[in-house]
Amino acid sequence: MPEQKNLLNFPCLFPIKIVGEKRPGFLDDVNACAVKFCPDYDKASTSIRPSSRGNYEAFTVTVTANSQEQLDGLYRALGKIQGIKFIL
């Protein structure tokens with residue numbers, strides 16, 4: 001198998017876009033997950049955008065990533081949150 005090169009230089013700021021069904025506590029769940037993997041995560045940096053019909057919400061969280069393993073764990077944990085449709 002060919003050697004993989006890191007596409008990111010760690011540590012780095014890494015934005016993650018999350019879209020899910022609008023529900024009470026959704027943002028709290030996302031923030032709790034981000035803090036678990038990135039203790040220095042600043043919840044105030046989260047941007048929130050509702051869908052045009054108000055059924056979904058999109059969040060952009062920016063974390064300081066220290067490794068690919070940290071990001072992989074964060075993505076897996078975010079994917080388990082109720083109502084998440086996709087993560088970019």
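# Briefing: a four-stranded sheet and two helices

Across this protein the pLDDT averages 93, and 93% of the residues score at least 70. The structure is a predicted model, and among its elements strand 2 has the lowest mean pLDDT, at 94, while helix 2 has the highest, at 97. Where pLDDT is low, predicted coordinates should not be read in detail. The points below take up the sheet, the helices that lie across it, the aromatic pairs and the nonpolar core.

**The sheet and its pairing**

- The sheet is open and is formed by 4 strands in the order 2-3-1-4, with antiparallel pairing; its edges are strand 2, residues 47-50, and strand 4, residues 84-87, each of which pairs on one side only.
- Neighbouring strands of this sheet are turned against each other by 20° on average, when direction is ignored.
- Strand 1 and strand 3 run antiparallel and are joined by 10 bridges, and within this pairing F14 has V63 of strand 3 as its bridge partner.
- Strand 1, which spans residues 12-21, is also joined to strand 4 by 3 bridges, again with the two strands running antiparallel; here V19 has F86 of strand 4 as its bridge partner.
- Strand 2 and strand 3 are antiparallel as well and are joined by 4 bridges, with F59 in strand 3 serving as the bridge partner of I48.
- The hairpin of strand 2 and strand 3 has 5 residues between the strands, and in this hairpin G54 takes a positive phi near 80°.

**The helices across the sheet**

- Helix 1, residues 26-37, lies across strand 1, strand 2, strand 3 and strand 4, and runs at about 15° to strand 3, which covers residues 56-65.
- Helix 2, residues 68-79, lies across strand 1, strand 3 and strand 4, and its direction is at about 10° to strand 1.

**Aromatic pairs**

- A search of the whole structure finds 2 aromatic pairs. In the pair of F14 and Y75 the ring centres are 6.5 Å apart and the planes stand at 70°, so this pair is edge-to-face, given that planes over 60 degrees apart count as such.
- Because F14 lies in strand 1 and Y75 in helix 2, this pair ties together parts that are 61 residues apart in sequence.
- How buried or exposed are the two partners? F14 is buried, with a relative accessible area of 18%, whereas Y75 is partly exposed, with a relative accessible area of 25%; the cut-off for buried is under 20%.
- F26 and F59 also form an aromatic pair, which is tilted, with 5.0 Å centre to centre and 55° between the planes. This pair links distant parts of the chain, since F26 is in helix 1 and F59 in strand 3, 33 residues apart, and both F26 and F59 are buried.

**The nonpolar core**

- The largest nonpolar core has 19 residues, of which I16, I18, V30, V63 and L78 touch the most other members, and strand 1, helix 1, strand 3 and helix 2 each supply at least two residues of this core.
- In soluble globular proteins, nonpolar side chains tend to be buried together.
- Which residues does V63 touch, not counting those up to four places away in sequence? The contacts of V63 are C12, L13, F14, I16, A34, C38, Y41, L71 and L74, and among these F14 is also the bridge partner of V63.

Note on methods
Residues are numbered from 1 along each chain as its sequence is written. Side-chain values use heavy atoms; hydrogens and water are left out. Two strands pair if DSSP finds at least two bridges between them. Axes are lines fitted to C-alpha atoms, for helices over the stretch in contact, and angles run from 0 to 180 degrees between N-to-C directions. Contact means heavy atoms within 4.5 Å. pLDDT is the predictor's confidence in each residue, from 0 to 100. Rings of Phe, Tyr and Trp (its six-membered ring) pair if their centres lie within 6.5 Å; planes under 30 degrees apart count as stacked, over 60 as edge-to-face and the rest as tilted. Buried means under 20% relative accessible area, exposed over 50%, partly exposed in between (1.4 Å probe, protein chains only). A nonpolar core is a set of buried Ala, Val, Leu, Ile, Met, Phe, Trp, Tyr and Cys residues joined through side-chain atoms within 4.5 Å.
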